[in-house]
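Welcome! Here are some short exercises to work through with the structure beside you. Try each task before reading its solution.

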Amino acid sequence: MKIRQSTSDETALISDLHRSAFGDPEGETIAKLINQLFSDQSAQPILSLVAEENSTLIGSVIFSKVTIDGASDCISACILAPLAVHKEHQGKGIGMKLMKQGLETLQQRGVHFVFVLGDPAYYTRAGFSSDHKINAPHKLEYPEAWMAISLQDKQLSSVNGTVQCATTLNAPEHW
Ligand SMILES: CC(C)(COP(=O)(O)OP(=O)(O)OC[C@H]1O[C@@H](n2cnc3c(N)ncnc32)[C@H](O)[C@@H]1OP(=O)(O)O)[C@@H](O)C(=O)NCCC(=O)NCCS
């Protein structure tokens with residue numbers, strides 16, 4: 001299994017992977033989101049990593065740019081969304097490897113914070129925490145699912161504000 005950045009002609013393959021991993025009816029919404037996200041200028045720069053085995057894509061994670069309203073413009077941040085591993089390959093650590101490799105790349109690029117909305121039981125294993133004061137773009141049913149990680153020496157606790165995602169991801173249906 002190899003992890004690498006995706007190429008510009010793999011959007012359809014990545015969408016198909018997420019459609020099948022998330023299943024009905026969420027998969028269709030996520031697949032559409034991915035198609036839009038790759039061509040959304042406000043999401044740039046995007047980091048898209050894929051896990052590949054025998055020339056087949058079996059996992060994908062996408063990080064896109066966010067801003068934090070109310071915080072210093074010097075802070076660089078991203079959101080992790082979405083992440084999926086093909087059903088036949090789940091539970092083998094591929095999701096965690098994709099996520100960790102993505103976080104390492106973003107750290108090298110100087111990104112301060114990465115946000116995620118997801119299951120705390122899973123994402124806290126990669127170092128995410130809901131112990132911060134930065135608001136999500138929308139009101140959440142489960143606020144503890146809104147997590148962040150600091151990749152540089154800047155403390156999350158030193159920042160207040162509200163995350164604004166790319167136009168595509170800001171749509172209320174994704175929250
Ligand atoms: C969530 C997902 C990406 C995890 O990828 P994966 O490669 O199967 O995960 P890993 O092998 O790295 O980790 C597996 C562990 O995480 C746990 N786990 C997997 N998905 C989880 C979830 N949604 N919530 C909590 N724990 C989860 C497994 O129980 C397993 O625990 P164990 O190590 O104690 O057995 C994958 O299951 C998937 O594609 N699911 C459908 C799409 C989805 O829900 N994506 C977003 C999640 S917020």
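## Exercise 1: Strands side by side

Task: Find how β2 and β3 pair, and over how many bridges.

Solution, step by step. This is a predicted model, and we begin with its strands.

- Strands β2 and β3 run antiparallel and are paired over 7 bridges.
- Now look at where one strand gives way to the other: they make a hairpin with 2 residues between them. N54 sits in that turn and has a positive phi of about 50°.
- For a facing pair, take E53, which stands opposite T56 in β3.
- Next, turn to β1 (residues 2–5), which is antiparallel to β2 and joined to it by 4 bridges. Here I3 is found opposite A51 in β2.
- Finally, check how covered β2 (residues 47–53) is: with buried meaning under 20% relative accessible area, 6 of its 7 residues are buried.

## Exercise 2: Into the core

Task: Work out which residues touch the most other members of the largest nonpolar core.

Solution, step by step.

- The largest nonpolar core has 30 residues, and I68, F113, F115 and V163 touch the most other members.
- Then ask which elements build this core: α2 (26–38), β3 (56–69), β4 (77–85), β5 (113–117) and β7 (146–150) each give two or more residues.
- Now zoom in on I68. Leaving aside its neighbours within four places in sequence, its contacts include F113, F115 and V163, and also I75, A77 and I134.
- There is a second, separate core to find as well: it has 26 residues, among them C78, L103, V114 and I149.

## Exercise 3: Two pockets

Task: Describe the largest pocket and the second largest pocket by their volume and lining.

Solution, step by step.

- Start with the largest pocket, whose volume is about 880 Å³. It is lined by 35 residues, and F22, E26, L117, G118 and Y123 are the closest to its centre.
- Sort that lining by type, and you get 22 nonpolar, 8 polar and 5 charged residues. The element that gives the most to the lining is β4, with 7 residues.
- Move on to the second largest pocket, with about 240 Å³ of space. Of its 17 lining residues, K65, V66, I75, S76 and A77 are the closest to the centre.
- Sorting the lining of the second largest pocket gives 11 nonpolar, 3 polar and 3 charged residues. Its largest share, 4 residues, comes from β3.

Note on methods
Residues numbered from 1 in each chain as written. Predicted model: local features only at pLDDT ≥ 70, side-chain atom pairs only at ≥ 80, totals over all residues. Heavy atoms only, no water. Core = buried A, V, L, I, M, F, W, Y, C linked by side-chain atoms within 4.5 Å. Buried < 20%, exposed > 50% of the residue type's maximum accessible area, 1.4 Å probe, protein only. Contact = heavy atoms within 4.5 Å. 1 Å grid on protein atoms, 1.4 Å probe; cavity = no way out; pocket = protein on both sides within 12 Å on 5 of 7 lines; lining within 4 Å. Points joined across faces, edges and corners; volume = space filled by probe spheres on them. Nonpolar A, V, L, I, M, F, W, Y, C, P; charged D, E, K, R; others polar. Pairing = 2+ DSSP bridges.
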